[in-house]
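Trainee: I have a model open and a list of labels I don't trust yet. Can we go through them and test each one?

Mentor: Yes. Bring up the structure and ask.

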Amino acid sequence: MALAPRLDLRQSQSLVMTPQLQQAIKLLALSNLEIEAFGAGEVEKNPLLEAGGSDDFTPSADGIDREVEAHDVSAEVGDSDQLIGQGLGGADAPLDVDFGAETFIDNGPADRMAGPERGLGTGSGGMEPLSGSSGEAPDFDSFANPEQGLQEHLMDQARNSLSDMDLTIATQLIGQIDEAGYLEANLLETAHALGVPLYEVEHVLDVIQSFDPTGVGARSLSECLMLQAMEADRYDPCMAKLLANLDLLARGALPQLRRICGVDEEDMADMIRELRGYDPKPGLRFSHDSAAPVTPDLFVRPTRDGWAIEVNNATLPRLLVNRSYYVELSSGPQDKASKAWLADCLASANWLVKALDQRQKTIIKVASEIVRCQEDFFRKGVEHLKPLTLKAVAEAIQMHESTVSRVTSNKYLACPRGLYELKYFFTSGVAAAGGEGAVSAEAVKSHIKALIAAETADAILSDDTLVDLLRAKGMDIARRTVAKYREAMGIGSSVQRRRQKALRGQAA
């Protein structure tokens, strides 16, 4: 059989995702804040896109923002530039201002920046710009004193207490203190790096550990608490033994601790109460990092007819297509390449506006189905949260499951009960005791948490007891499932909780 090249024509069908479809899918998974950043970037790239302003602003007929110029200006009205433009500023004299009067206030930042020269310049007919400025209004936020951090606070104390080589060693050590106030440096390595004896580094560390806040510069939790006990004049041999056995204290082994420290129950309770008053992370009081609040993408509120679901428009970009500008550009002279570029910009702008509108409608549709399925949660609480899957919502709104997954990613819903991620409403189910229906896993966790919170020191609930109580409430659940949910919520076992309550009783 001879082998030879040849050309064949075949007709087939395949699903191809266009760049626009890929972009629409990407927009669906973004949060409102990410959409806002994306829209700002598109406005910079596409000249036919513009961000919508306030509702009371009406653009001009040609789509270009212009201020209306007043041509008829009399000598009685108008600003200084207009008067000088009409030739009426020749007799302009310095302003009659009494800088020595008590009513004259010049304590603002702009007044201080202006320096001793006050008044108006006569060359341009306007106010002279501030020296060193770009003519813009001063940034008042820049005049606020920045909050002092831990290392700056320690360095101020080091400059007052140390000098020469000791200050250099202190700078090296302070630079390796973390935000909690603990020293992460190796003293021997630091001594070799600086070429100084180890005892000098240890001496400087002793000075740093005497700085405010008390406990800073410690290399372990026990050393941090020791420094604070010494400051409070409570560091005795019994306290030293207690700090050396913090692991036993964490396990609640109080009888063993009493034997090691050689104290009775009253003294042990007093020592534990003293430790509770110490700060295990003294450096955090100088930490000014605040977590950014979560901005909701949706608002849900009750109405007479049911529930109102609204998109948070405050975080959504309002993009408009400037068709007047498009008409102005297309009516001018342009070559073939410019014409094709302008058509692409118009098509891209139109598509983006429609894609954002479709995204908003899809989110509302998915959120409406979630609220319908979980209406008992919004009315009665987390105990009434029902099992729900992405597939169930997708089938109800006739969309693909992947679309629902993208819609619920990185999006938050604000309702009278609080702020929740949309993924929170999709939970697995636990079979009901009667064999009919199911209970949400989050509802089971809520019941477990409430039961444990209500237990007393002399009646600690074991996992088996929790199983019996939950079954009495209609939840058919296994012991291992109770243990899994309890550990997921960070709740200890019955033995650990009994020790913790006994420890709290000793310290009370």
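Mentor: Keep in mind that this is a predicted model. Start with helix α5 (residues 150-161) and helix α6 (residues 164-174), whose axes come within 10 Å and cross at roughly 165 degrees.

Trainee: What makes α5 roughly antiparallel to α6?

Mentor: The angle does. Roughly antiparallel needs an angle over 145 degrees. The crossing is at roughly 165 degrees, so α5 is roughly antiparallel to α6. The crossing is right-handed.

Trainee: Which residues of α5 and α6 make the contact?

Mentor: From α5, Q151, L154, M155, A158 and R159. From α6, L167, A170, T171 and I174.

Trainee: How do the residues of this contact divide by class?

Mentor: Six are nonpolar, two polar and one charged. Arg counts as charged, and R159 is part of the contact.

Trainee: Next pair. Why are α6 and α7 called oblique to each other?

Mentor: Check the angle again. α6 and helix α7 (residues 187-194) pack at about 130 degrees, with axes 11 Å apart. Roughly perpendicular covers 65 to 115 degrees, and roughly antiparallel starts over 145. About 130 degrees fits neither range, so the two helices are oblique to each other. This crossing is right-handed.

Trainee: What residues make up that contact?

Mentor: α6 gives M165, I169, Q172 and L173, and α7 gives L187, T190 and L194. By class, five are nonpolar, two polar and none charged.

Trainee: And what makes α20 roughly perpendicular to α21?

Mentor: Helix α20 (residues 463-472) and helix α21 (residues 479-488) pack at about 105 degrees, with axes 9 Å apart. The range for roughly perpendicular is 65 to 115 degrees. About 105 degrees falls inside that range, so α20 is roughly perpendicular to α21.

Trainee: Which residues of α20 and α21 meet there?

Mentor: D463, D464, L466, V467 and L470 of α20 meet R479, V482, A483 and R486 of α21. The split is five nonpolar, no polar and four charged. Asp and Arg count as charged, and D463, D464, R479 and R486 are in the contact.

Trainee: Now single residues. How do you know that A191 is buried?

Mentor: Buried means under 20% relative accessible area. A191 has 2% relative accessibility, so it counts as buried. A191 sits in helix α7.

Trainee: What does A191 touch, leaving out residues up to four places away in sequence?

Mentor: V196, P197, L198 and V201. V201 is 10 residues from A191 along the chain, and their C-alpha atoms are separated by 6.4 Å.

Trainee: Why does V430 count as buried?

Mentor: The cut-off is under 20%. V430 has 8% relative accessibility, so V430 counts as buried. V430 lies in strand β7 (residues 429-431).

Trainee: With which residues is V430 in contact, leaving aside neighbours within four places in sequence?

Mentor: A438, V439, V444, D476, I477 and Y485. There is also a C-alpha separation of 8.2 Å between V430 and P387, 43 residues apart along the chain.

Trainee: Why does D233 count as exposed, and why is N410 called partly exposed?

Mentor: Exposed means over 50%, and partly exposed means between 20% and 50%. D233 has 69% relative accessibility, so D233 is exposed. N410 has 44%, so N410 is partly exposed. D233 is in the loop between α9 and α10 (237-243). N410 is in the loop between α18 (401-407) and β5 (412-415).

Trainee: What is notable about phi in these two residues?

Mentor: Most residues other than glycine have a negative phi. D233 is not a glycine, yet its phi is positive, about 60 degrees. Phi of N410 is near 60 degrees, a positive value too.

Trainee: Which residues does the cis peptide bond join?

Mentor: D212 and P213, with omega about 5 degrees. P213 is in the loop between α8 (198-208) and α9 (221-231). Most peptide bonds are trans.

Trainee: Last one. How many of the 508 residues count as buried, as a percentage?

Mentor: The share is 34%. The protein chain has 22 helices and eight strands.

Definitions and conventions:
Residues numbered from 1 in each chain as written. Predicted model: local features only at pLDDT ≥ 70, side-chain atom pairs only at ≥ 80, totals over all residues. Heavy atoms only, no water. Helix = DSSP H or I, 4+ residues; strand = E, 2+ residues; numbered from the N terminus. Buried < 20%, exposed > 50% of the residue type's maximum accessible area, 1.4 Å probe, protein only. Axes fitted to C-alpha atoms, helices over the stretch in contact; angles between N-to-C directions. Parallel < 35°, antiparallel > 145°, perpendicular 65-115°, else oblique. Left-handed = near helix turned anticlockwise from the far one by under 90°. Contact = heavy atoms within 4.5 Å.
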